[in-house]
Structures are given as C-alpha cells and as structure tokens.
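Hi,

Here is the model I promised to pass along. Have a look at it first, and then read on for what turned up.

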Amino acid sequence: QQPAAGISEWLRRHIVEKGGRVLEIDAEAGGTEVEAVLEGRKLELWFDKAQAWVYTRTDYYRRDLTGAIPSEILAALRSSEHYTTDEAIDEIEKVETNAANGSRTWWKFELETRWDEVDVYVDQSGLLAGRPGLDPGQGGSERVTASSPRTVRLPVAKHCSKAIPIL
C-alpha cells in the first residue's frame with residue numbers, strides 16, 4: 001500500500017522538494033501520522049481522515065536558543081515561574097496547526113525542576129495557561145496513538161529517498 005495521494009503530494013511539496021526525508025507513515029484509525037526529517041530537525045505530522053494536514057510538531061534543541069527560536073518566545077519562557085536556567089530546558093517543540101485549529105503556532109518547553117519536569121507553553125502573545133487544544137480532525141480532542149491495535153504500517157512513498165523497515 002502507498003499513502004493516500006493527497007498526503008503523498010503534500011509530503012512531496014513540503015518535505016521532499018525542500019531536501020527532507022520521510023521516515024515513516026502510519027495509517028491509524030483517526031488519520032495518518034508521518035515522521036520526517038527536514039533541515040536536521042525531526043517532524044511529526046498529522047493528517048486527518050480526509051487526508052488534510054492538521055498539524056506539525058518540530059523538535060528543537062538547546063543550541064537553538066540562540067537564533068532559531070524567536071526572542072519574544074524566549075522572553076516569555078524566561079518569565080515563567082518554572083524557568084531557572086537554559087540548562088534546565090530538556091526538550092523544545094514547536095507546534096503549527098491548520099486553519100481549523102486557528103492557524104496557531106506555539107512552543108512547548110520541557111523544563112527539569114528539582115523534583116520533576118514541567119511543560120511550559122508559549123506563543124507570540126506570551127505564556128499560556130496550559131497546553132493549547134488541538135482537534136486532530138476526528139471530531140474530538142483525543143488522538144488514536146501508535147499503540148492502538150488498529151494501527152497499520154505503510155511503506156514510505158517511492159519518491160522519498162529512504163524507508164525504514166517496520167517489523
């Protein structure tokens with residue numbers, strides 16, 4: 001099986017033609033999840049049942065604090081009661097959504113504290129009270145995960161440079 005034509009075309013235009021690689025495509029009960037690499041960053045993309053792009057999560061790294069992450073985002077993060085130092089930042093993720101989800105962009109910073117880890121969410125308006133809502137296109141806020149027994153593994157489309165076999 002190949003991924004749906006609409007998804008293949010989207011991936012070709014937004015990932016492959018920009019020098020990226022599609023690593024894995026998973027058809028799930030509520031849509032399709034894609035893992036890719038673009039410009040040295042890991043991306044997780046979600047497409048709904050109608051093959052429409054819903055969101056992209058992009059991994060960033062602590063080294064990106066100088067230059068790749070907007071200064072207003074960092075200023076908001078550093079104003080958080082949970083922020084101590086840049087070294088306490090464990091993970092950074094940028095989330096971009098489609099129009100149905102408000103065409104929003106926000107950042108999630110996972111901070112290590114003395115006792116645990118805390119997620120801090122920031123967008124261009126500043127600190128957010130919690131994780132922004134995201135409708136994955138299946139009429140609710142819960143997404144079927146890769147651990148679902150209904151998960152089906154699909155091979156990567158032929159226009160992608162490499163496929164990782166899934167056993």
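Ser-103 sits in the loop that links E5 and E6. Its phi is positive, about 45 degrees, even though Ser-103 is not a glycine. As for cover, Ser-103 counts as exposed, because its relative accessibility is 51% and the cut-off for exposed is over 50%. Keep in mind that this is a predicted model.

Gln-51 is another non-glycine residue with a positive phi, in this case near 70 degrees. You'll find Gln-51 in the loop between strand E3 (41-48) and strand E4 (53-60). With a relative accessibility of 33%, Gln-51 is partly exposed.

Now for the inside. The largest nonpolar core is made up of 16 residues, and Ile-69, Leu-77, Ile-89, Ile-92 and Phe-109 are the ones with the most contacts within it. At least two core residues each come from helix H2 (71-78), E5, strand E6 (105-112) and E7. H2 gives the largest share, four residues.

On the surface, there's a negative patch consisting of Asp-90, Glu-91, Glu-112, Asp-116, Glu-117 and Asp-119. Strand E5 (89-97) and strand E7 (117-123) each put at least two residues into that patch. One of the patch members, Glu-91, lies in E5. So how covered is Glu-91? Glu-91 is partly exposed, at 43% relative accessible area, and that fits a patch member because patches take residues with over 30%.

E5 thus turns up in both places: E5 supplies residues to the core and to the negative patch.

Cheers

How values were computed: Residues numbered from 1 in each chain as written. Predicted model: local features only at pLDDT ≥ 70, side-chain atom pairs only at ≥ 80, totals over all residues. Heavy atoms only, no water. Patch = residues over 30% accessible without salt bridge, like charges linked within 9 Å, V, L, I, M, F, W, Y side chains within 5 Å. Areas by Shrake-Rupley, 256 points an atom, 1.4 Å probe, with all protein chains shown as cover. Salt bridge = Lys/Arg side-chain N within 4 Å of Asp/Glu carboxyl O. Lys, Arg positive; Asp, Glu negative; His and termini not counted. Charge placed at Lys NZ, Arg CZ, Asp CG, Glu CD. Buried < 20%, exposed > 50% of the residue type's maximum accessible area, 1.4 Å probe, protein only. Core = buried A, V, L, I, M, F, W, Y, C linked by side-chain atoms within 4.5 Å.
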